[in-house]
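Me: I am new to this structure and would like to learn how to read it step by step. Could you take me through the main features, with the general idea ahead of each case?

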Amino acid sequence: MSKGYVVAVVGATGVVGKEMIETLQERKFPVAKLIPLASERSAGSTIDFKGNTIDVDVLNDESFIGVDFALFSAGGSISEKYAPLAVKSGAVVIDNTSHFRMDNDVPLIVPEVNGDAIKGHKGIIANPNCSTAQMVLLLKPIYDAVGIERIVVSTYQSVSGAGKDAIQELESQSRANLSGSDYQGNVFKSPIAFNVIPQIDVFLDNGYTKEEMKMIQETQKILRDDTIRITATAVRVPVFVGHSESINIQTKEYLSADDARKLFEAAPGVSVLDSPLEQEYPTPRQVAGEDNVFVGRIRNDLSIRNGIELWCVGDNLKKGAALNAVQIAEFLVQSRVTA
Ligand SMILES: NC(=O)c1ccc[n+]([C@@H]2O[C@H](COP(=O)([O-])OP(=O)(O)OC[C@H]3O[C@@H](n4cnc5c(N)ncnc54)[C@H](OP(=O)(O)O)[C@@H]3O)[C@@H](O)[C@H]2O)c1
């Protein structure tokens, strides 16, 4: 066996799991052995990793024996049941689902923003919601420079954020509609082709959706400040990959748009694309496949004194999921923080 770590990927046949496997390979994470895990539906299937074809195993109670890192991306109920088993077997779990994110004992990590919060973890580390991950990369430099009072965010989220069946639904429904027929999907209640749906996840008693509340609570947890007032509207759009966000930030002290641009230019994981006169600003078609989160349309809010308005686009499968998870594993390896 070559030097490195035994890495299990739970949900290896899903959009995030596949991206995780590609990211491990791309970033040359020291993998001695990869164990792809999925449901019985995937029994007999294989994945390619570093030139080898590897069988996908069906997840079971014994799957984590000898595993160093277990990257989970198969839904909350799977993480709830199997993440504690993986930790018991001695693995460090990096969980992409929302199941553990708000647990006090579980650090919620974007390495560039709060990597130091990994210290003292108890075996499970959570990856934030895709829309939160890309937003906090931009909030952090502003928060450190001038403080943040309030955030108003509206998202335009791609269908890949809802998994492989959602991608298939948009494609099939678009083709059907263009040829004049109907296509009844089962991922989205309203048609997603040629439409916009102002609902992601279920509605809660307060009128917000669970996705919107995740953005609010997770942002406060990552920035370690629950006094920041945040309101969010999460919207699904007929885009395959790449989440966009319109973000309005009310700061504690005045910040000019030029100074905000300079802060973003120096921020890790962020690229500025902001030449409106040349019609240059980030779009999901441009940003899909990119590691960095892109920001443009940076301007001062005309309606308040201390306000910054911006447009941000990130690849939800990369910084919003797989890349961030692998960066957490890299951070653990580099800082030798073990369970
Ligand atoms: N998509 C995103 O942008 C994103 C971002 C952040 C977090 N997440 C979270 O990541 C998770 C997966 O998302 P996804 O988009 O990759 O979904 P997906 O494309 O639908 O894939 C789901 C994966 O989970 C596996 N799975 C389902 N039930 C299972 C079971 N009973 N036992 C073992 N494996 C099982 C599936 O295996 P089979 O192929 O065998 O069914 C598949 O590999 C979700 O919790 C989601 O909220 C997604």
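Reply: The turns that follow go through the sheets, the helices packed on them, and the surroundings of the ligand. Please keep in mind that this is a predicted model.

Me: Which order do the strands have in the sheet with parallel pairing?

Reply: A sheet is read by asking which strands pair with one another, given that two strands count as paired if at least two bridges are found between them. Here the open sheet of six strands with parallel pairing has the order β5-β2-β1-β6-β7-β8, and its edge strands, β5 (57–58) and β8 (124–126), each pair on one side only. Within this sheet, strand β1 (residues 5–10) and strand β6 (residues 69–72) run parallel and are joined by four bridges, with valine 7 standing opposite phenylalanine 69 in β6.

Me: Which strands does α1 lie across?

Reply: For a helix on a sheet, one looks at the strands touched and at the angle between directions. Helix α1 lies across β1, β2 (31–38) and β6, and runs at about 160 degrees to β1. Helix α2 also packs on the sheet, where it touches β1, β6, β7 (92–95) and β8, and its direction makes about 160 degrees with that of β7.

Me: What is the order of the strands in the sheet with mixed pairing?

Reply: The open sheet of six strands with mixed pairing has the order β10-β9-β11-β14-β13-β12. Its edge strands are β10 (229–236) and β12 (270–272), each of which pairs on one side only, and from one strand to the next the twist averages 20 degrees. As a case of antiparallel pairing, strand β9 (residues 148–157) and strand β11 (residues 243–251) are paired over eight bridges, and valine 152 stands opposite asparagine 248 in β11. Helix α7 (residues 257–266) lies across β12, β13 and β14, running at about 165 degrees to β13, whereas helix α4 (residues 130–146) runs at about 25 degrees to β11.

Me: Why does the ligand lie between domain 1 and domain 2?

Reply: The way to read this is to ask which parts of the chain supply the surrounding residues. Domain 1 (5–127 + 321–335) and domain 2 (132–316) both give residues to the shell around the ligand, and therefore the ligand lies between them.

Me: Which residues come nearest to the ligand?

Reply: Of the 29 residues around the ligand, those that come nearest are Gly14, Val16, Ser42, Ala74 and Gly163. Two or more residues of the shell come from each of α1 (15–26), α2 (76–88), α5 (164–178) and α9 (318–335), and α1 gives the largest share, three residues. By character, the shell divides into 10 nonpolar, 16 polar and three charged residues.

Note on methods:
Residues numbered from 1 in each chain as written. Predicted model: local features only at pLDDT ≥ 70, side-chain atom pairs only at ≥ 80, totals over all residues. Near = placed C-beta within 6 Å. Nonpolar A, V, L, I, M, F, W, Y, C, P; charged D, E, K, R; others polar. Domains from an automatic or database assignment. Axes fitted to C-alpha atoms, helices over the stretch in contact; angles between N-to-C directions. Contact = placed C-beta atoms within 7 Å.
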